[in-house]
Amino acid sequence: MFNHVMVGTNDIARAKRFYDAVLGVLGAGAPFENTAPTGQARLFYRHDGAAFCVSEPINGEAACHANGGTIGFKCGSPEQVQQFHDVAIAHGGTTCEEPPGLREGSLGAMVLAYVRDPDGNKLCAVHRPKKA
C-alpha cells in the first residue's frame, strides 16, 4: 500500500546521522542524497521496495512533527526492536511511551519500542510474534 513516507527536518546533517544508524539496524543502506529544485536537501533511504525520506521543508518554514502521527518500522525479532530503540537513543533520539517490550492488546501480541527522532517525529519499531 505504501510507496514512501517523508518527514521534515531542521538539521539535515543531524537527521542523516540519526537515520543512517537507526535504519541501518533494519538493513537500509546509505541514502540517495538529493537537492530539490527549490534548494532544500533531501535524503531517500530505500529498502524492500519502499522509501523513507527526510527533507528540509520545501515551503521554507520550520519542520515540525505530526501530533498523533507515528511511523512504524517492521522488525524481524524482539531483539531487533530493542536494537532499533537503543541505536535511536544513542544517536539523539528520546524514548517515549512505555519502555520497549511485549504488549498484549486487541490487535494481538506485539513487541514495540517508541522513540522520537531529534526533530520530534514519533517512530515505532514493531515485531509481531507468530501465533503458537
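This report covers a four-stranded sheet and the helix α1 that lies across its strands, in a predicted model.

## The sheet

The sheet is open and has four strands. Their order is β1-β4-β3-β2, with mixed pairing. Two strands sit at the edges: β1, residues 4-8, and β2, residues 32-35. Each of these pairs on one side only. From one strand to the next, the twist averages 20°.

β2 pairs with β3, which spans residues 41-47. The sense is antiparallel, and four bridges join the two strands. One residue pair can be named here: Phe-32 has Phe-44 in β3 as its bridge partner.

## Helix α1 over the sheet

Helix α1 covers residues 12-25. It lies across β1, β2, β3 and β4, the last being residues 50-55. Relative to β3, α1 runs at about 5°.

The helix has 14 residues. From first C-alpha to last, α1 reaches 20 Å, close to the 20 Å expected at 1.5 Å a residue. After α1 comes Gly-27, with a positive phi near 100°.

## The buried residues of α1

Which residues of α1 are buried? They are Ile-12, Ala-15, Phe-18, Tyr-19, Ala-21, Val-22, Leu-23 and Val-25. An α-helix has 3.6 residues a turn, so residues three or four places apart point the same way.

The buried residues of α1 pack against three strands of the sheet, β1, β3 and β4. They also pack against β5 (71-74), α2 (78-90) and β9 (122-127).

Definitions and conventions: Residues numbered from 1 in each chain as written. Predicted model: local features only at pLDDT ≥ 70, side-chain atom pairs only at ≥ 80, totals over all residues. Heavy atoms only, no water. Pairing = 2+ DSSP bridges. Axes fitted to C-alpha atoms, helices over the stretch in contact; angles between N-to-C directions. Contact = heavy atoms within 4.5 Å. Expected span 1.5 Å × (residues − 1). Buried < 20%, exposed > 50% of the residue type's maximum accessible area, 1.4 Å probe, protein only.
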